[in-house]
Amino acid sequence: MEQVSKSYENEEDKEDKTNDVGLLERLFKLSEHNTSVKTELMAGLTTFVTMSYIMFLNPVIMSNTGMPFDGLFLATCLGAAIATIIMGLYANWPVGLAPGMGLNAFFTFSVVGGMGYSWQIALGAVFLSGVLFVFMSVTRLREWMLDSIPMSLRLAMTAGVGLFLGFIGLRFTGIIVASPDNIVALGDMTHFGFGQFGPEAPALGFLSFLLISVLSYRKVFGAVIIGIASVTLLAFVMTWVLPVDFFVVAEAAKSFAPQSGFVAYNGILAVPEFSALEPILWKADIAGAFQVALIPVIVTFLFVNIFDTAGTLMGVAERAGLQDKNGKIKGLSKSLKADSIASVIGTGFGCPPVTSYVESAAGVAAGGRTGLTAVTIGLLFAVGMFFLPLAKMLPAFAVDGALIYVAMLMMSSLKGLDWDDLTEYAPAVCTTIMMAFTFSIANGIAFGFITYTVLKVGTGKSNQVSKGVWALTVLFIAKFIFLN
């Protein structure tokens with residue numbers, strides 16, 4: 001009887017897959033990938049929940065440029081939705097895309113905050129890097145680039161961006177503060193109030209990070225969102241229970257700190273007002289980005305985007321079984337083109353480079369194998385536009401806990417280094433450290449390339465230095481001499 005039952009269940013499964021015909025079957029080749037509509041939809045939901053934190057985090061970071069928070073929230077949702085749907089329909093890959101973490105921080109704090117360029121010119125640099133990415137994706141330059149740059153420096157770029165993000169997250173939560181004696185110092189962990197960057201609660205920010213980390217390790221569905229929501233709820237209770245004078249408001253924050261405390265409830269859902277996009281829609285100053293001084297910035301956007309994308313796509317392809325019998329990844333060229341096109345389109349909405357997210361692996365683990373997973377993710381991002389009131393209610397320190405968590409994940413790429421070869425790990429560590437300590441991803445990459453070339457030549461291994469690395473080393477040395 002048990003065998004009959006199992007046989008009947010197997011027949012039902014086959015029938016379900018057979019019924020997934022018509023438009024979806026023709027578009028996504030579900031039966032060829034041994035999947036079903038139900039599986040793809042659940043995989044899309046899984047990936048969306050895993051990466052949806054970007055809807056709240058990207059506007060928090062980029063609003064420091066002076067761009068409006070409301071417009072940035074809608075731009076993030078729209079950019080992610082359109083890019084991911086393109087990936088699904090064109091490349092038929094189960095990958096979610098959104099504005100890149102790290103690149104948004106580089107855009108905000110290095111290009112605009114540090115170098116003094118307007119956000120319009122910074123968007124122009126993003127556009128130009130996106131056009132270069134598209135050009136490389138349709139030519140053999142992409143393969144040349146991926147083959148020319150040593151793996152150690154590619155791993156270091158990811159780790160360095162992580163350390164850069166971690167520093168920003170720690171600073172924004174108030175866990176670390178500026179110090180005239182030691183440059184940085186530990187902040188007052190008992191402080192609750194408002195500083196120049198917004199609401200500050202070092203203890204709650206650190207709690208957010210710890211909660212997310214524990215939940216993620218235990219593979220709890222939606223760990224990042226649960227962690228942010230939990231700390232937000234705690235901040236809401238503090239706002240409701242504690243007197244207003246409990247919250248210390250710095251002089252620099254008196255103009256924007258609410259009178260009620262950490263959290264002001266203004267609802268959760270609202271119909272999107274697309275007029276909020278108008279101040280940033282198609283505002284990229286492309287002509288203004290044609291400056292010699294911006295070449296390192298454009299190169300940085302391009303490098304981090306292309307290597308992060310390639311690494312993510314290759315990892316997802318391996319998990320999803322998108323390789324043929326010879327180990328060649330099926331559809332990689334299309335997926336890279338989709339990603340590069342998405343970066344250009346995202347610029348129009350006011351987004352930093354849009355890139356593939358490693359969180360897509362969660363959806364693949366849930367069974368996602370085709371572009372239907374990606375289309376599902378994209379549609380859910382579009383629905384996310386209705387949650388602007390919720391996004392505005394989240395205290396920054398709760399979201400910054402997620403930023404610190406993402407930083408730790410990115411730094412784990414250093415485990416792939418050859419720690420027995422000084423000429424490999426020293427340039428990588430130099431790249432990673434200099435990104436955070438100079439507060440510039442571009443400077444970190446430059447120091448890494450120069451260190452790599454000098455160490456290889458000095459130790460008699462100049463044959464391991466590719467022409468591409470030589471050319472970029474000369475470019476970065478010239479940058480320090482003439483453009484510093």
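Let me start with a salt bridge in this predicted model: the side chains of lysine 392 and aspartate 70 meet at 3.4 Å, N to O. The two partners come from distant parts of the chain, with lysine 392 in helix H16, residues 388–393, and aspartate 70 in helix H5, residues 69–91. Their separation in sequence is 322 residues. As for solvent, lysine 392 is exposed, at a relative accessible area of 51%, whereas aspartate 70 is partly exposed, at 24%.

How many salt bridges does the protein have in total? The count comes to three. Side chains of opposite charge can pair when their charged atoms come close. Allow me to take the other pairs in turn.

One of them joins the side chains of lysine 461 and aspartate 421, at 3.6 Å from N to O. Lysine 461 sits in the loop between helix H19 (441–458) and helix H20 (467–482), and aspartate 421 sits in the loop between helix H17 (396–411) and helix H18 (422–437); the pair therefore ties together parts that are 40 residues apart in sequence. With a relative accessibility of 25%, lysine 461 counts as partly exposed. Aspartate 421, at 16%, falls under the 20% limit and so counts as buried.

The other is formed by lysine 456 and glutamate 424, whose side chains meet at 2.8 Å, N to O. Here lysine 456 belongs to helix H19 and glutamate 424 to helix H18, so this bridge ties together parts that are 32 residues apart in sequence. Are these two residues buried or exposed? Lysine 456 is buried, and glutamate 424 is buried as well.

On charge more broadly, the protein carries 27 positive and 32 negative charges, and the mean positions of the two sets are 8 Å apart.

I turn now to helix H6, residues 103–112. Why can helix H6 be described as largely enclosed by the rest of the structure? The reason is that 10 of its 10 residues are buried. Among them are Leu103, Phe106, Phe107, Phe109, Val111 and Val112, and the buried set also includes Asn104, Thr108 and Ser110. What do the buried residues of H6 pack against? Their partners are helix H4 (53–62), helix H7 (119–137), helix H9 (151–173), helix H12 (295–320) and H19. Helix H19 is also where lysine 456 of the salt bridge with glutamate 424 lies.

A smaller detail concerns serine 179, which is found in strand S2, residues 176–179. Serine 179 is buried, with a relative accessible area of 15%. Leaving aside residues up to four places away in sequence, serine 179 touches Val184 and Ala185.

Finally, the overall picture. The protein contains 20 helices and seven strands. Its radius of gyration is 23 Å, close to the 23 Å that the globule rule gives for 484 residues, so the protein is as compact as a globular protein of that length. The C-alpha trace spans about 75 × 65 × 45 Å along its principal axes. Of the 484 residues, 55% count as buried. The accessible surface comes to about 21300 Å², and carbon and sulfur atoms account for 64% of that area.

Contacts in sequence terms complete the description. Among contacts between residues at least 6 apart in sequence, 79% join residues at least 24 apart. The bridge with which I began, between lysine 392 and aspartate 70, spans 322 residues. Thank you; I am happy to take questions.

How values were computed:
Residues are numbered from 1 along each chain as its sequence is written. This is a predicted model: local features need pLDDT of at least 70, side-chain atom pairs count only at pLDDT 80 or more; totals for chains, interfaces and linings use all residues. Side-chain values use heavy atoms; hydrogens and water are left out. Helices (H or I, at least four residues) and strands (E, at least two) are DSSP runs, numbered from the N terminus. The radius of gyration is taken over C-alpha atoms; the globule rule is 2.2 Å times the number of residues to the power 0.38. Buried means under 20% relative accessible area, exposed over 50%, partly exposed in between (1.4 Å probe, protein chains only). Contact means heavy atoms within 4.5 Å. Accessible areas come from the Shrake-Rupley method with a 1.4 Å probe; for residues, only the protein chains shown count as cover. Lys and Arg count as positive and Asp and Glu as negative; His and the chain ends are not counted. The place of a charge is taken as NZ of Lys, CZ of Arg, CG of Asp or CD of Glu. A salt bridge is a side-chain nitrogen of Lys or Arg within 4 Å of a carboxyl oxygen of Asp or Glu.
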